[in-house]
Amino acid sequence: MSWKISGQPDGSLPVVGQSYRVAHSRKGTFTGTLKSVDGEWADFEITKGRAQAILPENEVETGEIVTVRDSLCHLTAVS
């Protein structure tokens with residue numbers, strides 16, 4: 001699979017340090033700063049909202065790191 005970033009060709013890599021609105025099929029929508037990207041995986045520090053989970057104790061809040069997979073999310077750069 002490949003990353004889907006609004007306004008960018010499919011397969012463009014997200015930029016470390018950039019903030020994105022992440023629309024994830026399982027974790028919901030949140031805003032975060034990209035900390036690292038490794039192929040199909042990326043780590044975001046959540047800056048607004050929360051990443052949902054099946055179990056409440058696995059939800060990720062503002063200031064915490066969440067890992068996402070490219071095939072399950074769509075990114076929109078925010079300033």
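Here is a short chat about the sheet, the salt bridges and the core of this predicted model.

Biologist: What ground rules apply to the numbering and the values?

Modeller: Residues count from 1 along each chain as its sequence is written, and side-chain values use heavy atoms, without hydrogens or water. The model is predicted, so to speak: local features need pLDDT of at least 70, side-chain atom pairs count only at pLDDT 80 or more, and totals for chains, interfaces and linings use all residues.

Biologist: In what order do the five strands sit in the open sheet?

Modeller: Strands here are DSSP runs of E, at least two residues long, numbered from the N terminus, and two of them pair if DSSP finds at least two bridges between them. The pairing in this open sheet is antiparallel. E4 (65-69) and E5 (73-78) are the edge strands, each pairing on one side only. Reading across, the order is E4-E3-E2-E1-E5.

Biologist: Which residue in E5 is the bridge partner of Ser19?

Modeller: Strand E1 covers residues 19-24. E1 and E5 pair in the antiparallel sense over six bridges. In E5, the partner of Ser19 is Val78.

Biologist: Is Thr33 buried or exposed?

Modeller: Thr33 belongs to strand E2, residues 28-38. The cut-offs are under 20% relative accessible area for buried and over 50% for exposed, with partly exposed in between (1.4 Å probe, protein chains only). Thr33 comes out at 17%, so the verdict is buried.

Biologist: Which side chain joins that of Thr33 in a polar contact of 3.3 Å?

Modeller: Contact means heavy atoms within 4.5 Å, and beyond four places in sequence Thr33 touches residues including Gly17, Gln18, Asp43 and Phe44. A polar contact is stricter: a pair of N or O atoms within 3.5 Å; within protein, one must be able to donate a hydrogen and the other to accept it, and residues adjacent in sequence count only if both atoms are side-chain atoms. At 3.3 Å, the side chain that meets this rule with Thr33 is that of Ser19.

Biologist: How many residues apart in sequence are the parts tied together by Lys35 and Glu45?

Modeller: A salt bridge puts a side-chain nitrogen of Lys or Arg within 4 Å of a carboxyl oxygen of Asp or Glu, and Lys35 and Glu45 do this at 3.3 Å, N to O. Lys35 lies in E2 and Glu45 in E3 (residues 41-49), so the parts they tie together are separated in sequence by 10 residues.

Biologist: Where does Glu40, the partner of Arg69, lie?

Modeller: Arg69 and Glu40 form a salt bridge, with the closest N and O atoms 2.8 Å apart. Arg69 is in strand E4, so the pair ties together parts 29 residues apart in sequence, and Glu40 lies in the loop between E2 and E3.

Biologist: Which residues are joined into one network by salt bridges that share partners?

Modeller: Arg50 and Glu59 meet in a salt bridge at 2.5 Å, N to O. Shared partners join one network of Arg50, Glu59 and Glu61.

Biologist: Which element gives the most residues to the largest nonpolar core?

Modeller: Such a core is a set of buried Ala, Val, Leu, Ile, Met, Phe, Trp, Tyr and Cys residues joined through side-chain atoms within 4.5 Å. This one has 15 residues, of which Phe30, Phe44 and Leu75 touch the most other members. E1, E2, E3, E4 and E5 give two or more residues each. With three residues, the top contributor is E3.

Technical notes:
Helix = DSSP H or I, 4+ residues; strand = E, 2+ residues; numbered from the N terminus.
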